[in-house]
Amino acid sequence: MPTGLDRWLAPMLVGFLLACGSAQRRPPQAPARPAWVSLDAGLEAAAHDGRPVLLSIQADWCHWCHVMNETTYRDPEVVSMLDERFVAAREDAELRPDLAERYAEYGWPATIVFAPDGTEILALRGHRTSAALLEILGAITSDIDAGRAPGASLPSRATEPRVGEHVALEVLRAALTHQLDDLYDEAMGGWGTPQKYPFEGPVEHTLLRARLGSDPLLRERAILTLERETELLDPIWGGMYQYSEQGDWQHPHYERIASVQAGAIEGFALALRASLDRAWRARALDIVRYVRAFLMRDDGALYASQDADLRLPDGTATLGAEYATLSDADRRARGIPTVDTRVLATANGLLITALARLAEVAPELGTLADATRAADVIVRTARDARGLFRHEAGAAGDTRFLADQIAMSRALFAVEQAGGDRRYRALARDSLDAALLAFTASDAILLASRTAEDGAHGTLAVPRFPPTENALAASLLLAFARLEEDGSDEASRDESRALAILDALSDPAALAPLGRKVGEILLALEAAHSGIVRFSVVGEAADPRTIALHRAVLALDEPLRVVERSEPDEGRYPAQDGPVVYACAQDRCSFPLASAGSLGSDASRFLGR
């Protein structure tokens, strides 16, 4: 018989056991995360409910982005603040070249806060702890609660473009050259500290100056830099790490980005061309074997990046610094860091250009076939009816980005230059013309960073005119002008447009924040100043002598040159007894040059090198 106490305790015990059971069966609570939305959706929501927008720009390969996501953006206090008082937006820098260009100096992760009307309040560089971010967000919300403009109590950190006076192109060329020279690190090589980046532009410009001015010190500066950059090569798989910290080349960030591989291939190809030292061929091949093994799809399309760290589904991670020390077998046993398998036009364009340029000096490596296959895939899957390239192959949407158009136009031109197939030059020409039409603002000479700006708000509605892409467009126009008939309307049009773009860029104060990243602008200015040499190879395409002459032209250490091939009866020059080459500077042309073996010395004498 149960006692009265039993009857009183029994229901409590049952209830307790049921409660325990239900607690045991309840799934674990998911860690706090912000309710991320796209930037466009965030700005639309902000305009509706009056909250500021916090934008986090990240990249899949970015180590500190992972850290901030796993710490700061999982802090319940941060999440609560963002969900209640802000609209939290996140964008992938790889998918938004316009944002990547606008905030490039901030690195990833970048954190930008916009007022409800889309006006930029501040921009923050790099990883922020929970405490640091909460302090900033708290100041903004206090401003709003006190009736002040959001961010009024914070130091101004908005990105305001510098504006100075436009100068003559010769003055600009001198100013930017001085800017680069001031940033050169005589002890360590490379430009700038404390982060050492393997930028190709300054190297190419320095080698060009050395060639045009015969200054051996400049050549040594470029070669030393490339030698130091080899310390960023992965000795196991090949490929180059993104950059090094602490003012030297021994403290890498272990991400492998397509643009970095492209720059390394081009830099080593330039060194091979200038020095004929086959060690540079081996180093370039180290990059190529990595690209082929990890960044190349079966059909030849190229991927964007590989993460620095190995992160497994169970939450365990091997950071890049440890992973880099492992053998090939140990790496594969643990797993392969994630490869971003999106096929992006800019990444493909940069790598195609590099592979084609390497093929000019080392055709036996087969990189022209790699470049051609990738170019064919991108033309087939990412090029629209207007000749413009979508950012991601196969993606929908009407927005186009300037970086994609310039990268792919240059890539198609590079394939034609290395292989002589004029179909690729025609594709490059059509895409460049489409870009000039679609990206030129109605009241400006310069090309804007994106189309379809109507949906933008506030600060982002103001068009950006990225100087590097504009300078690359000018360089390509000058190359096309040199390949047109001398004195033709087409040649005059292209040259005039190129010079107009460079004139519109000619504000040294506005370009000063680019620091060491002015190499491509200087290359365009050098082309405008010194002129581009045209080498015309005239001969039957299948004739081994024509092929030998073409290869000899491609191997010449002539940085400012374009190459054309034509049959004996179709070019601008009269037929000869056999294949020949004509070298034409701005105001004179050589006699026909028929010997591949002496072509280098013959061309140098003609050009006064």
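Arg-273 and Glu-360 are both buried, and in this predicted model their side chains meet in a salt bridge with an N to O distance of 3.0 Å. Because Arg-273 lies in helix 10 (residues 258-275) while Glu-360 belongs to helix 14 (residues 345-361), the pair ties together parts of the chain that are 87 residues apart in sequence.

This contact is one of the 48 salt bridges that the structure holds. Another of them joins Arg-221 to Asp-181, where the closest N and O atoms are 3.1 Å apart. That pair also links distant parts of the chain, with Arg-221 in helix 9 (residues 216-229) and Asp-181 in helix 7 (residues 169-183), 40 residues apart. The two partners of this bridge can be described by their accessibility: Arg-221 counts as buried because its relative accessibility is 16%, under the 20% cut-off, whereas Asp-181, with a relative accessible area of 27%, is partly exposed.

A further salt bridge brings together the side chains of Arg-342 and Asp-340, at 2.6 Å from N to O. Here Arg-342 has a relative accessibility of 16% and so counts as buried, and Asp-340, at 7%, therefore counts as buried too. Beyond such individual pairs, a network of salt bridges links Arg-482, Glu-485, Asp-486, Arg-534, Glu-564 and Arg-572.

Turning from charged to nonpolar side chains, the largest nonpolar core has 132 residues, and Tyr-103 and Trp-108 are those with the most contacts inside it. Apart from this core lies another, made up of 19 residues, including Leu-54, Phe-86, Leu-134 and Ala-139. In soluble globular proteins, nonpolar side chains tend to be buried together.

There remain the covalent links between cysteines, of which the structure holds two in the form of disulfides. When the bonded cysteines of the protein chain are numbered in sequence order, their pairing reads 1-2, 3-4. One disulfide joins Cys-62 to Cys-65, with an S to S distance of 2.4 Å, and the torsion about its S-S bond is about 85°, so this disulfide is right-handed. Both Cys-62 and Cys-65 are buried. The other joins Cys-584 to Cys-589, with an S to S distance of 1.8 Å, and the link of Cys-584 and Cys-589 is likewise right-handed, with 115° about the S-S bond. Within this second pair, Cys-584 counts as buried because its relative accessibility is 0%, while Cys-589, at 40% relative accessibility, counts as partly exposed.

Note on methods:
Residues numbered from 1 in each chain as written. Predicted model: local features only at pLDDT ≥ 70, side-chain atom pairs only at ≥ 80, totals over all residues. Heavy atoms only, no water. Core = buried A, V, L, I, M, F, W, Y, C linked by side-chain atoms within 4.5 Å. Buried < 20%, exposed > 50% of the residue type's maximum accessible area, 1.4 Å probe, protein only. Salt bridge = Lys/Arg side-chain N within 4 Å of Asp/Glu carboxyl O. Helix = DSSP H or I, 4+ residues; strand = E, 2+ residues; numbered from the N terminus. Disulfide = S-S within 2.5 Å.
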